[in-house]
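Biologist: I would like a close look at a single part of this protein. Please take it slowly and keep the terms plain.

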Amino acid sequence: MKKMMVAALALVATAATAQVKGRFEVHDMGSFRLHVYYTNDVMNDASFIVEGNDSVVTMEQPLFKDNAAEFDAYVEKMGKPVAARIAVYHVGSTADHPVLMAEGMGSFTKGPVYGGMMKGFAGTFGEAMASLPTGSVAEVAFGTTRTIAGTAFHFDRGASTDFPGGKVYFTHWAPARAHASQLQIASAKAIDAEIAEARKSLQSGATLFIGGHGGASGKEAVEFKIAYLGKMKEALASSPTPEAFVETMKAQYPGLPGEENLAGLGKALYNAK
């Protein structure tokens, strides 16, 4: 659970390529290129490739076999060696390759919470899932910067639900113009933490905001997130029941995608009171 800081952003150009399962989008950052892979899987996961002059770094490799095959074929076609594989929030199809994680994440992914979640996924998705990683894990201490493939990756703490970065800002969930779910926000305290972290991300100077769910967004999505979470906090304070909370949020944002998430979100917020 961390974010990455990479060199200063320059002109951003996007190019989508047709894929059998997902799609790729390329952002030209001047000193490197950021390839975003939208898996289109059931969890709306995204994976990333940071391309330097001579090698690449992968982040959040896909969880499902079809996506993994597509992602690996794309990397191979680039014709550059993989200098490192970073698992931020999602362990994926890294097979027996060594993996970099933020401090504490290696043991956390093997513990009852994350490990139990992965066992649940295996039971639900079965053979569609890629085999779980078997490679060695090296943890990077918070506050550390690693230069890999000519790009600086900064590992640091942020809000209790995320970790901060710099010029390209990575969080578990990319900011989006959509309703949040109970997987993103589960308490009033989490709302405050997310608002503080979003404001911090704007102050970082970043112009591209990426996440393991949702892919890549611009500054306007972060600004929307801050305003949206402010309205959520007001709705939580003024609504006596989860049902009233849901109706208030619908009225504030008519037609906003993700309305189906509001019932679960309301239940989680009121259970946490």
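Which residue just after helix 1 takes a positive phi? Please start there, and then describe helix 1 and what surrounds it.

Modeller: The residue is Gly79, just after helix 1, and its phi is about 75 degrees. Keep in mind that this is a predicted model.

Helix 1 itself runs over residues 65-78, which makes 14 residues. From its first C-alpha to its last it reaches 20 Å, close to the 20 Å expected at 1.5 Å a residue. The buried residues in helix 1 are Asn67, Ala68, Glu70, Phe71, Tyr74, Val75 and Met78. They lie on the same side of helix 1, because the arc they cover around the axis is only 165 degrees. An α-helix has 3.6 residues a turn, so residues three or four places apart point the same way. On the other side of helix 1, Asp66, Glu76 and Lys77 are exposed.

The next point is what covers the buried side. The cover over the buried residues of helix 1 includes strand 2 (23-28), strand 3, strand 4, strand 5 and strand 6 (82-86).

Take strand 4 from that group. Strand 4 covers residues 46-51, and six of its six residues are buried, so it is largely enclosed by the rest of the structure. Buried here means under 20% relative accessible area. In a regular strand the side chains alternate between the two faces of the sheet. In strand 4, Ala46, Phe48 and Val50 are buried on one side, and Ser47, Ile49 and Glu51 are buried on the other, which leaves both faces covered.

Strand 4 also has pairing partners. Strand 3 (residues 33-38) pairs with strand 4 in the antiparallel sense over six bridges, and Leu34 has Val50 of strand 4 as its bridge partner. Strand 5 (residues 56-59) pairs with strand 4 in the antiparallel sense too, over four bridges. Here the bridge partner of Phe48 is Met59 in strand 5. Four residues sit between strand 4 and strand 5, and the two strands form a hairpin.

Between strand 5 and helix 1 there is a loop, and Glu60 is found in it. Glu60 has a relative accessible area of 1%, so it is buried. Leaving out residues up to four places away in sequence, Glu60 touches Ala46, Ser47 and Phe48, as well as Ile86, Ala87, Val88, Tyr89, His90, Phe170 and Gly212.

Strand 6 is another part of the cover over helix 1, and Val82 lies in strand 6. Val82 is partly exposed, with a relative accessible area of 24%. Apart from its neighbours within four places in sequence, Val82 is in contact with Val56, Thr58 and Val75. Among these, Val75 is one of the buried residues of helix 1. The C-alpha atoms of Val82 and Ser55 are separated by 5.8 Å, although the two residues are 27 residues apart along the chain.

Finally, here is the setting of this part. The protein chain has seven helices and 13 strands. It has 273 residues, of which 51% count as buried. Among contacts in the protein chain with a separation of 6 or more, 66% are between residues 24 or more positions apart.

Notes:
Residues numbered from 1 in each chain as written. Predicted model: local features only at pLDDT ≥ 70, side-chain atom pairs only at ≥ 80, totals over all residues. Heavy atoms only, no water. Buried < 20%, exposed > 50% of the residue type's maximum accessible area, 1.4 Å probe, protein only. Contact = heavy atoms within 4.5 Å. Pairing = 2+ DSSP bridges. Expected span 1.5 Å × (residues − 1). Arc of directions from axis to C-beta.
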